[in-house]
Amino acid sequence: MVDFSLTEADEKILELARQEGQIGHRHARYYDKHEDELAPAIFPEVKDKPSPHDLMKELAGQTSAPAIIEVLVHLEESYGDVRLRRARTGLGRMIVNYAGTPEQVARFGHKELSIALTEPGAGSDPSAIRASAVRDEKTGEWVLNGEKIYCSGFGGAAGALVLVRGPARDGIRPFMAFVVEKGAPGLKLLGQVKKMGIRSWDTEDFVLQDCRVPEFNRIDADFKKTMIVFNGTRPMVAAMGLGVARALLDFTRARLAEDGGVLRYEPGTPARSAIEDRLLRLEALYDAALLSVLRCKWLEERDGRTNGATKVEASMAKTLGGKAARRISQACLEILGPQALSEEFLAEKWFRDARIFDIFEGAGEINRLIVARWLLGYSAKELN
Amino acid sequence: MVDFSLTEADEKILELARQEGQIGHRHARYYDKHEDELAPAIFPEVKDKPSPHDLMKELAGQTSAPAIIEVLVHLEESYGDVRLRRARTGLGRMIVNYAGTPEQVARFGHKELSIALTEPGAGSDPSAIRASAVRDEKTGEWVLNGEKIYCSGFGGAAGALVLVRGPARDGIRPFMAFVVEKGAPGLKLLGQVKKMGIRSWDTEDFVLQDCRVPEFNRIDADFKKTMIVFNGTRPMVAAMGLGVARALLDFTRARLAEDGGVLRYEPGTPARSAIEDRLLRLEALYDAALLSVLRCKWLEERDGRTNGATKVEASMAKTLGGKAARRISQACLEILGPQALSEEFLAEKWFRDARIFDIFEGAGEINRLIVARWLLGYSAKELN
Amino acid sequence: MISFELTEEQRVAQATIGEFARTELRPVAQAIDREAQIGTATLAALWSTEIIQAQAADDTAGGRSPVMNALLLEELASADATLALAMAASMAFVQAVADQGSAAQRGALLPLFSGGAFQAAAVLLMEPGFRFDVTRLAARAERAGTDYVLRGSKSLVPLAADCSHFLVIAAGDGAPDAFIVPREAAGVIVGEAPGTLGLRGLRLANVSFHDVKVPADMRLGDHNGCDVQRLIDSARTGIAAILTGMSRGILDYCVPYTKERVVHGTPLARKQVIAFRLADMHIEIEAMRWMTWRAAWELETGRKATRSAQLAYTYAAEQAVSIADEAVQAFGGHGFVRAHPIEMWYRNARSLSLLEGIAGV
Amino acid sequence: MISFELTEEQRVAQATIGEFARTELRPVAQAIDREAQIGTATLAALWSTEIIQAQAADDTAGGRSPVMNALLLEELASADATLALAMAASMAFVQAVADQGSAAQRGALLPLFSGGAFQAAAVLLMEPGFRFDVTRLAARAERAGTDYVLRGSKSLVPLAADCSHFLVIAAGDGAPDAFIVPREAAGVIVGEAPGTLGLRGLRLANVSFHDVKVPADMRLGDHNGCDVQRLIDSARTGIAAILTGMSRGILDYCVPYTKERVVHGTPLARKQVIAFRLADMHIEIEAMRWMTWRAAWELETGRKATRSAQLAYTYAAEQAVSIADEAVQAFGGHGFVRAHPIEMWYRNARSLSLLEGIAGV
């Protein structure tokens with residue numbers, strides 16, 4: 001039976017997330033201004049308190065499906081801006097735990113590991129990756145060279161799972177993955193990336209210069225399978241974009257309300273002001289994207305999370321979420337007018353933050369390609 | 001010196017065109033409802049009166065550049081809906097006069113001839129043309145076969161210049177052009193095309209079934225050169241689209257004015273109603289397109305009309321004109337609300353008419369390709 | 001607990017009506033548009049689906065379900081929006097009486113919709129004039145003794161000439177109210193159908209009310225009056241469902257065409273610009289559907305649906321016009337001629353997206 | 001007689017300033033943004049163009065030409081919008097005094113702008129608060145004997161701390177008026193620059209006026225008052241010119257990048273979606289330019305430019321934000337990091353397109 005209601009447990013968890021979000025807002029400007037400073041792993045305000053995620057576990061069975069309540073919590077956390085608890089979402093660790101040998105899991109599985117894919121010349125196209133691994137037959141070590149950029153969580157991580165090209169076999173240089181821990185010889189940290197927005201989002205660049213790692217660090221991860229994690233993370237990132245978008249929508253409505261402006265849903269266009277009309281359409285876009293995210297997560301629960309069943313829906317949710325974050329952030333600033341440009345308010349910051357959500361974890365173009373190929377029955381070769 | 005003023009002579013000509021447009025509006029619904037009936041070559045109301053085109057010639061030298069006043073007159077005529085005088089713009093005739101031998105000009109040059117390019121499988125891509133010409137060696141005649149559609153002015157014309165593929169030479173079947181007059185054996189008229197809009201715009205389909213024409217009818221027209229006429233006609237068609245768009249804008253403003261609504265240009269967005277805001281933005285789009293058309297025509301005067309100098313600008317003007325006609329017609333109906341759906345008013349008709357202007361004489365996609373290739377320095381092969 | 005799961009009953013009904021729409025309705029859609037007339041055989045076929053009759057069913061039977069109605073309107077509209085709206089208009093009337101009518105009103109009117117032939121009726125909200133808005137009604141009902149006197153005009157009434165009854169929304173002393181008026185009542189004048197841009201089979205016409213006497217017990221809900229906003233919310237949700245279905249029909253027609261049509265050596269669908277537009281269509285159609293479902297679910301569970309219905313309607317209206325417009329563009333000249341249904345869909349999309357008050361879920 | 005022909009003088013000035021902007025301004029643009037400060041060397045270079053000084057030239061010299069100014073602002077902004085606006089803000093002040101000031105006002109103020117060093121001044125129209133509109137001024141000037149008393153706050157004043165004078169637009173008894181106020185006048189408080197989304201080099205700050213006494217002869221135009229709408233029209237035209245130039249700079253940066261960047265074996269620019277967006281950028285930038293020229297020409301020839309200026313401004317604002325946004329998208333991650341100027345342009349586009357009153361042509 002179709003149902004759009006939250007359970008009492010859902011409401012309780014989200015209420016906690018919202019309360020934490022109010023704390024997050026208080027720290028937002030500081031970490032925007034101090035981008036080289038990593039936010040604490042846990043903020044003192046919540047040190048001894050259960051997190052929404054703890055509450056989710058506690059109330060398991062009383063909530064909407066786990067994937068659904070999880071994505072809603074992520075949305076609220078993103079709404080809250082600075083995370084009060086550092087997320088343990090290191091994709092590198094996830095992959096090690098999933099593809100590593102028992103020995104590798106024992107050694108690395110508890111460590112925070114980012115995943116390092118992107119290079120200056122390879123963004124949405126991993127086939128353009130140029131970082132290389134060569135085996136030193138004398139020592140049995142692997143020698144890595146290359147530059148990795150935009151590596152999420154690397155500042156706070158113990159290292160990264162690094163994707164490189166191995167020695168040629170039949171003219172093809174296969175992808176290989178290595179755990180590179182901080183302190184490895186030849187690993188040069190370049191520090192936090194200077195970004196337009198989401199500056200509290202730990203993002204680092206690094207260089208591998210004859211960086212030597214033992215054979216033990218080679219993880220036998222299937223690249224294609226690895227990519228399946230995106231099916232789950234794309235709607236998640238879409239929801240994060242919606243969190244920022246809703247922060248702006250709420251801010252905009254609150255400012256209008258101070259001036260007596262109320263958004264009414266009864267009249268049609270002819271009876272609306274220009275600003276009411278825009279705001280209403282932005283809300284519609286927000287809801288369209290949110291419902292697409294929820295549908296995708298509902299499907300993920302039904303059809304499986306790691307089998308690629310929701311590849312198309314994940315791309316659909318991400319496309320709409322990215323578009324909503326872009327449009328809503330641009331339009332809210334216009335509605336708010338020039339005052340919103342000032343750093344006295346967080347609106348300008350959220351405008352900068354919001355722009356990432358149609359870029360990372362698959363730009364709209366990449367996701368539209370995925371949807372179009374499915375819709376038209378084309379291969380990646382036939383439509384690119 | 002930059003100048004955006006009309007001369008007195010310009011104003012006089014355009015005023016005449018506008019007056020005639022008022023007459024055209026009175027006939028608009030009739031010819032919309034009677035699409036198989038060709039409008040008279042000249043309407044009785046203007047039978048003994050000079051046309052705006054006559055006035056243009058009379059006032060030559062006192063007007064803005066000829067190409068500019070001409071395009072403005074076309075805009076007004078399109079605003080006026082049904083043309084009071086059948087246009088003698090048959091492209092076929094133009095090409096015969098330009099590419100024919102003196103004998104061919106003498107025989108065909110005074111006749112109204114359409115140009116027949118489009119086929120069911122070949123629209124924006126003439127290379128897909130399948131109509132064929134085979135020489136009957138016994139009689140020396142050419143035998144034509146194929147289907148031509150959407151042939152402008154063919155209902156009122158004496159025939160058409162038909163583009164077909166000739167016999168293969170070195171594996172390539174070259175384009176050939178023949179004059180096919182009505183009454184030719186094997187020419188089957190299919191009558192007026194049933195269209196969504198611009199139903200008073202004479203458009204016919206026909207079939208060539210072993211249609212025999214003498215060698216004399218073969219016109220030695222260079223296809224590429226022929227295409228150069230589009231450089232002049234594209235901005236012209238853009239202006240026609242703007243004529244329809246302005247008819248809708250004027251209608252919309254007049255209806256709002258009846259209700260006390262006035263469009264003010266002083267306030268910013270915050271002080272506007274939803275409808276004022278949209279109307280203002282539609283006017284801006286209209287002006288953007290109109291100025292692009294005028295710039296193109298000004299350039300045409302400066303740099304030459306038939307040498308391809310304004311190819312890119314013609315495509316730019318057409319892109320914006322087509323977009324403006326689409327958007328303005330869609331948005332005006334929305335502003336006017338459900339009442340505008342009724343045939344009691346011409347708004348719904350103009351909505352239907354307007355849609356053609358981003359299709360014929362080069363769809364927006366074709367024109368964007370032309371602009372992009374120039375901008376990026378790509379050949380048609382590199383970017384398509 | 002958030003769920004997008006349809007019940008078995010819903011899935012069966014969806015499939016059945018979907019198949020019916022494809023085989024019975026789609027083939028006649030263009031003829032109905034051309035002739036501006038729905039044939040009696042088609043009306044009979046629509047009636048035989050028993051969707052309208054189900055709206056009159058007793059509450060306890062569970063026959064009246066906005067979510068189910070939204071699903072079925074989408075299916076009908078995927079074949080033809082005109083026919084979907086012919087159904088939705090009568091549905092809106094029956095639903096209003098069933099949900100908000102007094103016992104006497106239900107007893108008197110609902111049996112009319114249990115017969116063997118298509119029974120047209122309509123909710124009348126829109127009014128002539130270019131600045132109409134649902135919050136600015138000019139039609140007024142004034143108390144005259146125990147009765148009301150109704151004055152004003154209503155526009156774009158579907159199948160107006162065939163309707164047995166109208167439910168007329170009019171301003172009163174306080175909030176607007178709804179009045180049940182038989183077409184034959186003195187002072188009711190059904191205008192000629194002027195012809196319209198789209199939805200031509202519905203013969204949309206004005207109906208005017210010249211000092212029409214309405215007995216007090218024909219006020220919907222009698223003494224209690226009714227919740228007019230709920231009727232509007234239901235109508236907006238219905239239009240959203242129809243726009244969703246129509247858009248899906250358009251996309252389904254575009255996919256094979258763009259794959260087959262070769263331009264400059266490549267199928268149209270392999271041009272990135274075309275492929276992206278088709279992908280966007282699909283993405284938006286899905287979002288339109290979820291928004292419609294949510295509004296319908298709120299109506300079904302007795303929640304206030306004003307916000308969800310407005311957003312579903314506004315979003316679907318914008319997207320459907322854009323989808324129809326891009327379909328015309330993908331077809332080029334073939335999108336502008338009446339040989340293909342594309343141009344009809346363009347007219348229908350623009351028309352549908354302006355309508356208020358005349359559909360119901 | 002319609003013409004798009006530039007004069008020889010205009011073409012030479014355009015080329016000269018274009019070259020200056022490319023070589024002197026573009027290289028320092030990102031540093032100015034980073035440091036939120038325009039260095040004195042850059043200010044001196046700007047001053048050396050003599051564009052501001054030309055605004056003070058006598059009418060008969062033909063030195064004050066809105067069309068010329070629009071051309072030059074486009075050139076400056078194609079390198080950096082912040083620096084173009086630094087110029088345009090002072091220009092707006094000088095133009096207002098030169099065009100609408102009394103003889104005494106011209107005599108007293110214009111010589112300040114003939115010196116050897118950059119002289120900042122500004123027209124103050126915008127006000128703090130989230131529903132500001134140019135037609136709803138809160139700042140008021142009230143008559144007090146022969147003088148005025150000015151109360152209110154103005155926001156986003158460029159180089160506020162460096163300005164010698166402000167021209168303050170305030171509501172009066174009837175139409176709004178403009179008042180010349182030295183920064184040092186009692187009751188004038190220049191706020192701290194809070195930092196802004198874009199245009200950071202301008203150190204945009206609030207200026208508040210606490211019962212500031214303004215002598216009657218410091219009302220712009222003295223007894224005659226002034227045409228405030230003309231100041232607004234000129235400002236909108238100036239912003240349109242700057243948005244046009246900025247957009248052109250963005251496109252020029254995108255073309256080589258998208259041609260070089262290879263994705264899945266093909267340069268980005270050969271993907272239809274990217275190529276079409278670039279084509280649209282070019283088409284729109286041209287249209288923005290013609291709209292700007294028309295408004296500037298109307299101002300130059302003494303026509304009422306309100307409509308043209310509003311349309312040029314509105315259109316340019318919409319297009320420039322979209323162009324900057326699509327540029328970010330074309331660059332992907334590289335569009336989001338400060339290594340490329342793309343993200344700065346995105347911030348500048350959103351900022352510029354919200355400003356009223358502070359540029360002049």
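**Exercise 1.** In which loop of chain A does E361(A) lie? State also whether E361(A) is buried or exposed, and describe its phi.

*Solution.* The model is predicted.
- Step 1: locate the residue. The loop that holds E361(A) runs between α10 (347–354) and α11 of chain A.
- Step 2: count the neighbours. E361(A) has 23 other C-beta atoms within 10 Å. A residue is buried if this count is 20 or more, so E361(A) is buried.
- Step 3: read the backbone angle. Phi of E361(A) is near 60 degrees, a positive value in a residue other than glycine. Most residues other than glycine have a negative phi.

**Exercise 2.** Treat I198(A) likewise: between which strands does I198(A) lie, and is I198(A) buried or exposed?

*Solution.*
- Step 1: I198(A) sits in the loop that joins β6 (187–192) to β7 (203–213) in chain A.
- Step 2: there are 26 other C-beta atoms within 10 Å, so I198(A) is buried.
- Step 3: for I198(A), phi is near 35 degrees, again a positive value in a residue other than glycine.

**Exercise 3.** Assign E11(A) and E20(A) to a helix, and decide for each whether it is buried or exposed.

*Solution.*
- Step 1: E11(A) belongs to helix α1 (residues 8–33) of chain A. E20(A) also lies in helix α1 of chain A.
- Step 2: E11(A) has 12 other C-beta atoms within 10 Å. The cut-off for an exposed residue is 12 or fewer, so E11(A) is exposed.
- Step 3: E20(A) has 24 C-beta neighbours inside 10 Å and therefore counts as buried.
- Step 4: list the contacts of E20(A). Leaving aside neighbours within four places in sequence, these are V46(A), G80(A) and L84(A).
- Step 5: set sequence separation beside distance. E11(A) and T63(A) are 52 residues apart in sequence, and their C-alpha atoms are 8.8 Å apart. E20(A) and G146(A) are 126 residues apart in sequence, with 40 Å from C-alpha to C-alpha.

**Exercise 4.** Describe the contact between chains A and C: how many residues does each chain give, and which helix of chain A gives the most?

*Solution.*
- Step 1: chain A contributes 37 residues and chain C contributes 39 residues.
- Step 2: on the side of chain A that touches chain C, α8 (274–303), α9 (311–336) and α11 (364–376) each supply at least two residues.
- Step 3: α8(A) gives the most to this side, with eleven residues.
- Step 4: sorted by class, this side of chain A has 23 nonpolar, six polar and eight charged residues.

Conventions. Residues are numbered from 1 along each chain as its sequence is written. Chains are lettered from A and ligands numbered from 1 in the order in which they are written. This is a predicted model: local features need pLDDT of at least 70, side-chain atom pairs count only at pLDDT 80 or more; totals for chains, interfaces and linings use all residues. Two residues are in contact if their C-beta atoms, placed from the backbone, lie within 7 Å. Helices (H or I, at least four residues) and strands (E, at least two) are DSSP runs, numbered from the N terminus. Ala, Val, Leu, Ile, Met, Phe, Trp, Tyr, Cys and Pro count as nonpolar, Asp, Glu, Lys and Arg as charged, and the others, Gly among them, as polar.
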